[in-house]
Amino acid sequence: MDLNIIWEDFLNRTKPDPEVINIEKKIMAGIPFVYVSVVPNTSLEAATDILKKHAVKSMKGKRLTLELNFVRSEENLYIFRMRFLVPQEKMFCCGNLCFDCIRLRNP
């Protein structure tokens with residue numbers, strides 16, 4: 001799964017939001033950070049809800065989860081560590097008789 005498509009969709013959905021002035025994704029040390037400038041007097045909770053709302057829409061129909069952690073803020077700029085996570089479960093049988101083999105699952 002190409003997460004760049006998910007990121008692009010997320011950023012394109014978030015930019016036109018009336019509460020968001022600017023949103024930018026930066027990768028530092030391999031970790032994606034989201035810089036969100038919001039209109040004045042927007043709370044941290046409101047900014048978090050905006051990001052979650054648009055992330056859920058971008059993930060719809062895909063088996064992804066969201067990891068969103070607040071890092072810091074400056075006036076009306078909020079910085080979050082944000083990751084879209086792909087499930088870490090086996091999708092095929094490797095033949096090693098694993099205890100969590102996909103063949104042993106109930107449909």
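In this predicted model, β3 and β4 pair in the antiparallel sense over nine bridges, where strands (E, at least two residues) and helices (H or I, at least four) are DSSP runs numbered from the N terminus, and two strands count as paired if DSSP finds at least two bridges between them. Within β4, Leu85 is the residue that stands opposite Thr65. Local features need pLDDT of at least 70, side-chain atom pairs count only at pLDDT 80 or more, and totals for chains, interfaces and linings use all residues. Residues are numbered from 1 along each chain as its sequence is written, and side-chain values use heavy atoms, with hydrogens and water left out.

The open sheet is formed by four strands in the order β1-β2-β4-β3, with antiparallel pairing. Its edge strands, β1 and β3, each pair on one side only. On average, neighbouring strands are turned by 25° against each other, direction ignored; axes here are lines fitted to C-alpha atoms, for helices over the stretch in contact, and angles run from 0 to 180 degrees between N-to-C directions.

Both helices meet this sheet. α1 lies across β1, β2 and β4 and runs at about 145° to β4. α2 packs on the sheet as well, touching β1, β2, β3 and β4, and its direction makes about 30° with that of β4. Contact means heavy atoms within 4.5 Å.

A closer look at α2 is worthwhile. The helix covers residues 44–59, and its end C-alpha atoms are 22 Å apart, in agreement with the 22 Å expected for 16 residues at 1.5 Å a residue; the expected span is 1.5 Å times one less than the number of residues. Its buried residues (under 20% relative accessible area; exposed is over 50%, partly exposed in between, with a 1.4 Å probe and protein chains only) are Ala47, Thr48, Ile50, Leu51, His54, Ala55, Ser58 and Met59. Seen down the axis, these residues fall within an arc of 155°, so they line one face of the helix; the arc is that of the directions from the helix axis to the C-beta atoms. Their cover includes α1 (3–14), β1 (20–28), β2 (31–38), β3 (65–74) and β4 (77–85). The face turned away from the buried side carries the exposed residues Glu45 and Val56. Just after α2, Gly61 takes a positive phi of about 85°.

From the N terminus on, the elements of the chain run α-β-β-α-β-β. Buried residues make up 30% of the 107 residues.
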